[in-house]
Amino acid sequence: MNKVTKIALLGLGTVGGGVYKVIQMQQEEMERKLGTRVEIKKILVRNIQKAALKVKDPSVLTNDVKEIMQDPEICIVVEVMGGIEPARTYILEALKAGKHVVTANKDLLAADGHILMETAAEYHCDLFYEAAVAGGIPIIGPLKSSLSGNHIKEVMGIVNGTTNFILTKMTQENMEFSDALKLAQDLGYAESDPTADVEGLDAGRKMAILASVAFNSRVTFDDVHTEGITKITAKDIRYAKDMGHVIKLLGVARNTDNGIEVMVHPMLIDEQHPLASVNDSYNAVFVRGDAVQDTMFYGRGAGELPTASAVVGDIFEIIRNMAFNCCGRIGCTCYKELPIVPAEETSSKYFIRIRVEDKTGVLASIAAVFGNNSVSLAQVIQRSRREDCAELVMITEAVKDRHLNDALTILRGMSIVRDISSVIRVD
Ligand code: NAP
Ligand code: HSE
């Protein structure tokens, strides 16, 4: 085995900078751990001046990707630039040049993962992406290896730290969404444009990857139904609390007899549920298998060093495979073609908050609309009464989305209904 394994980074931002640091932190033990030293020979960036502040030897920095792709000494390329292009082209080029690839790029994997995996297989290369889902938490590796003796039935996760931080502040400090978002931005958790996080898109990409790996069938971001947390109010959270629940933004993927259900949405979960105590910017993934039963993986879902921990773990795994000439050993595991169940055909219990006119017979009229549309109510509470207006808080039995939507459409057209303030799934 070579005394030095030469690798290249594409990008030296939050994650790339972390990878650089973790590799320095491992210098002393690396040789004993792997039988080789890892040297970062080249780093691709756009702004060399800015990146020079982060490295000991600025001569490793380049603007020219050919210096990496055409260098036969570089055997692993670590893509931590983000975005679809040029990341996609660079990863394909690296694989076609026989270089193994580590990527943290969930956007690309959730859209075009199959193309990357097929190319890796064709060129007998490893393509690892542990950091793409839930940052530092090991979940892709365990699903592909340690849990591969299971039929995975369900994967539920808090896979977005920004929204978990916002909901935690709303729960624990009674903040409204906009104030909690501002705090998340001030503390550097949320981007200046927080859309991908608060609308559930970031979590949706991670759930597409997780569902593909868990159920051995390709799921892309377009298959994931996503709802964000922008409509959740402190009042919803208080009502949920009174009923023994907390509200979390959850990714939920289920392998059912009808196909794969995969969604991201806010959900009331029992305060005793293992995911209920996952707070602040922490992530957790709950996995239910037919043999192992329930397991939960918890930790930091983002950030410089936690994410780099996952990337460096993948680099080390590839080096071990190279040493035993067994790269490509664990490639694409999507050997089934399961259908995706449309969101309207899925069922859930629901928490519904409606403001109605406060007069006799209103509750009966509303209950009749639900009853006529196959929606059974499990709990109904009249919580407040102000200015001729009453607030009804209800929890339904499990109901098909399609039936609930039909009932809500009728209710919205009724003069006794002032507004339907909240409709949130319940576990
Ligand atoms: P970032 O801080 O914005 O860094 C991106 C880096 O890539 C910068 O060094 C940038 O160089 C470079 N870059 C971007 N486009 C480039 C191009 N066309 N040519 C050359 N260099 C280019 O991003 P990040 O937060 O580290 O995220 C990187 C990836 O990791 C993304 O796919 C992200 O989804 C994923 N990820 C991030 C986290 C996290 O905690 N941040 C967690 C899990 C996964 P310049 O600065 O010179 O423009
Ligand atoms: N924006 C993501 C989060 C981190 O808040 O969890 C990057 O995956």
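Which side chain has an N or O atom 2.5 Å from an oxygen atom of ligand 2? The side chain is that of Thr162.

This is a predicted model, in which local features need pLDDT of at least 70, side-chain atom pairs count only at pLDDT 80 or more, and totals for chains, interfaces and linings use all residues. Residues are numbered from 1 along each chain as its sequence is written, chains are lettered from A and ligands numbered from 1 in the order written, and side-chain values use heavy atoms, without hydrogens and water.

**Ligand 2**

The shell around ligand 2 consists of Lys106, Asn160, Gly161, Thr162, Asp197, Asp202, Lys206 and Ala302. A residue counts as near when one of its heavy atoms lies within 4 Å of the molecule. Helices α7 (161–172) and α10 (201–215) each supply at least two residues of this shell. Helices here are DSSP runs of H or I with at least four residues, strands are runs of E with at least two, and both are numbered from the N terminus. By class, the shell holds one nonpolar, three polar and four charged residues. Nonpolar means Ala, Val, Leu, Ile, Met, Phe, Trp, Tyr, Cys and Pro; charged means Asp, Glu, Lys and Arg; the others, Gly among them, are polar.

**Polar contacts of both ligands**

A polar contact is a pair of N or O atoms within 3.5 Å; within protein, one must be able to donate a hydrogen and the other to accept it, and residues adjacent in sequence count only if both atoms are side-chain atoms.

| Ligand atom | Protein partner | Distance |
|---|---|---|
| Ligand 2, oxygen | Thr162, side chain | 2.5 Å |
| Ligand 2, nitrogen | Asp197, side chain | 3.0 Å |
| Ligand 2, oxygen | Lys206, side chain | 3.0 Å |
| Ligand 1, oxygen | Gly13, backbone | 3.2 Å |
| Ligand 1, oxygen | Asn47, backbone | 2.7 Å |
| Ligand 1, oxygen | Gly303, backbone | 2.8 Å |

Taken alone, ligand 1 exposes 900 Å², and the protein buries 78% of that. Accessible areas come from the Shrake-Rupley method with a 1.4 Å probe; for residues, only the protein chains shown count as cover.

**Ligand 1**

Around ligand 1 there are 21 residues, the closest being Leu12, Val15, Asn47, Lys50 and Gly303. This shell divides into ten nonpolar, eight polar and three charged residues.

**Aromatic pairs**

The model has two aromatic pairs. Rings of Phe, Tyr and Trp (its six-membered ring) pair if their centres lie within 6.5 Å; planes under 30 degrees apart are stacked, over 60 edge-to-face, and the rest tilted. Phe165 and Tyr189 form a tilted pair, 4.7 Å centre to centre with 45° between the planes. Phe165 is in helix α7, while Tyr189 is in the loop between α8 (177–186) and α9 (195–198). The two are 24 residues apart, and the pair links distant parts of the chain.

**Backbone exceptions**

Most residues other than glycine have a negative phi, and most peptide bonds are trans. Glu85 and Pro86 are joined by a cis peptide bond, with omega about 5°. Pro86 sits in the loop between β4 (74–79) and α4 (87–96). Asn174 is not a glycine, yet its phi is positive, about 60°. Asn174 lies in the loop between α7 and α8.
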